[in-house]
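Got the viewer open? Grab the selection tool and follow along, one stop at a time.

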Amino acid sequence: MLLSIEELLPRFPAIRIAAVVAEDLTIPAERPPDLDALIADREAVCRAQWAGLELSAIPGIAAWRAAYKGFGIKSTSYRSSVERLVKNVLAGRSLPAINGFVDAYNAVSLAHVLPAGADDLAQLVGDVAFRYAREGDSFEDMSGEGELGGPPKPGEVVYADAAKVLCRRWNWRQDGRSVITPATRRALVTLQSNGFGDVAAAADDLCGLIARFAGGRARVAIADADQPVIPLG
C-alpha cells in the first residue's frame with residue numbers, strides 16, 4: 001500500500017504528511033480518565049497560548065487558510081479540521097468525546113496545530129493519495145447530512161483511496177465508510193503540514209498515545225517533496 005502527494009506538489013510544494021499505521025488496536029469506546037485529564041491539560045495550554053489572538057494570526061491555521069485559497073475555497077463555511085478544533089477550545093468548549101483512538105489523535109492535532117485524520121485500514125481499497133478530485137469520485141458524509149455528500153467539486157483537493165474519497169476539501173470533512181470505531185484493529189492516521197508544524201514530532205506524540213490508550217503499536221512514514229510516494233506496508 002502506497003501514499004502519494006505527487007499530484008499536489010507543483011502547487012503546494014511545502015506540504016508534508018506523516019502517515020502513522022497503527023495495528024493490534026484495542027480501542028476503548030469511552031474516553032479513559034487519564035486521556036481525559038491529558039486532553040484537559042492540552043486544552044488549557046491552547047487557551048493560554050492563543051488567547052486574544054485572531055484565528056488568522058495562529059500560524060498553523062493561517063497555513064491552511066492559505067492552502068484552501070490555493071484550490072479555490074474562500075468561503076468561511078469551509079475550514080480545516082484543526083481550525084475547528086482550536087476555535088471550539090478557545091470558545092471554552094472541550095474536544096468531543098468519540099472513542100479512545102479518535103480522542104487521542106484530536107489531542108495531538110490540537111497540541112501541534114496540525115490537521116489529523118484517521119481511517120480504518122480494513123475499509124480502504126488500494127493505494128491512498130492527496131490529489132485533485134476526479135470524475136466519478138464518490139463521497140458519503142460521516143454526519144449523514146445529505147447536503148454535505150455528493151461528489152467533490154472540480155479542482156477540489158481530496159484525500160482518497162482507489163474506490164472513494166476519504167476526506168473532502170483536503171481535511172475538512174471525512175467520508176463515513178472508513179471511520180474509526182471500537183471494532184477497528186488497524187488504522188491509518190495522517191498528520192498534515194502546509195509549511196508550518198513538525199509532523200515528525202506530532203507522529204511521535206501520537207505513537208505514544210496509541211500505545212498508552214489503544215493498546216497498539218505504530219510505525220511512521222513521511223511524504224514530502226523529496227519523497228512524494230511512500231510505502232505504508
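Which residue's side chain meets that of Asp161 in a salt bridge? Select Asp161 and Lys164: their side chains make that pair, at 2.7 Å from N to O. Keep in mind as you click around that this is a predicted model. Both Asp161 and Lys164 are buried, so each falls under the 20% cut-off for relative accessible area.

**More salt bridges**

The count of salt bridges here comes to 17. Next, pick Glu23 and Arg219, whose side chains meet at 2.9 Å, N to O. This pair ties together distant parts of the chain: Glu23 sits in strand β2 and Arg219 in strand β9 (residues 217-223), 196 residues apart. Glu23 is buried at 12% relative accessible area, while Arg219, at 34%, counts as partly exposed.

Now widen the selection by adding Asp24, Arg186 and Arg217. Together with Glu23 and Arg219, these residues are linked in a network of salt bridges.

For another pair, go to Glu140 and Arg177, where the N to O distance in the salt bridge is 3.7 Å. Here too, distant parts of the chain are linked: Glu140 is in the loop between β4 (128-132) and β5 (157-160), and Arg177 is in the loop between β7 and β8, 37 residues apart. Glu140 is partly exposed, with 45% relative accessible area. Arg177 is also partly exposed, with 28%.

**Into the core**

Hide the charged side chains for a moment and colour the nonpolar ones. In soluble globular proteins, nonpolar side chains tend to be buried together. The largest nonpolar core in this model has 42 residues, and those with the most contacts inside it are Val20, Leu25, Val86, Phe101, Tyr105, Leu191 and Leu206. To see where the core comes from, show β2 (15-23), α1 (33-50), α3 (81-90), α4 (100-112), β3 (116-120), β8 (187-194) and α5 (199-213), the elements that give two or more residues to it. Of these, α5 gives the most, with 8 residues.

Centre the view on Leu191 and ask for its contacts. Leaving out residues up to four places away in sequence, Leu191 touches Arg16, Ile17, Ala18, Val20, Val108, Pro115, Ala116, Val199, Ala202, Ala203 and Leu206. There is also a second, separate core of 30 residues, including Leu3, Val21, Phe71 and Leu121.

**The largest pocket**

Switch to a surface view. How much space lies in the largest pocket? About 650 Å³. Select Ser81, Arg84, Tyr105, Asn106 and Met142 to find the middle, since these are the closest to the pocket's centre of the 31 residues that line it. The elements giving two or more residues to that lining are α3, α4, β3, β6 (165-168), β7 (173-174) and β8. Colour the lining by class and you should get 17 nonpolar, 11 polar and 3 charged residues.

**Two backbone oddities**

Most residues other than glycine have a negative phi. Which way does the phi of Val113 go, positive or negative? It is positive, at about 50 degrees, although Val113 is not a glycine. You'll find Val113 in the loop between α4 and β3, where it is buried at 5% relative accessible area.

Trp170 is another: its phi is positive too, about 70 degrees, and it is not a glycine either. Look for Trp170 in the loop between β6 and β7. At 1% relative accessibility, Trp170 counts as buried. Show what is around it: setting aside neighbours within four places in sequence, Trp170 is in contact with Leu8, Phe12, Ile15, Trp64, Ala67, Tyr68, Phe71, Phe130, Val157, Val158, Tyr159 and Gln192. Draw a C-alpha to C-alpha line from Trp170 to Val158 and you get 4.7 Å, with their positions 12 residues apart in sequence.

**Last stop: Val179**

Finish in the loop between β7 and β8, the place of Val179. Buried or partly exposed? Val179 counts as partly exposed, at 27% relative accessibility, because the buried class stops under 20% and the exposed class starts over 50%. Not counting residues up to four places away in sequence, Val179 touches Asp120, Met142, Gln174 and Thr184. Last click: Val179 and Leu121 are 58 residues apart in sequence, and their C-alpha atoms are 9.5 Å apart in space.

Terms used:
Residues are numbered from 1 along each chain as its sequence is written. This is a predicted model: local features need pLDDT of at least 70, side-chain atom pairs count only at pLDDT 80 or more; totals for chains, interfaces and linings use all residues. Side-chain values use heavy atoms; hydrogens and water are left out. A nonpolar core is a set of buried Ala, Val, Leu, Ile, Met, Phe, Trp, Tyr and Cys residues joined through side-chain atoms within 4.5 Å. Buried means under 20% relative accessible area, exposed over 50%, partly exposed in between (1.4 Å probe, protein chains only). Helices (H or I, at least four residues) and strands (E, at least two) are DSSP runs, numbered from the N terminus. Contact means heavy atoms within 4.5 Å. On a 1 Å grid over the protein atoms alone, a cavity is a set of points where a 1.4 Å probe fits but cannot get out, and a pocket is an open set with protein on both sides within 12 Å along at least five of seven lines; lining residues have an atom within 4 Å of a point. Grid points are joined across faces, edges and corners, and a volume is the space filled by probe spheres set on the points. Ala, Val, Leu, Ile, Met, Phe, Trp, Tyr, Cys and Pro count as nonpolar, Asp, Glu, Lys and Arg as charged, and the others, Gly among them, as polar. A salt bridge is a side-chain nitrogen of Lys or Arg within 4 Å of a carboxyl oxygen of Asp or Glu.
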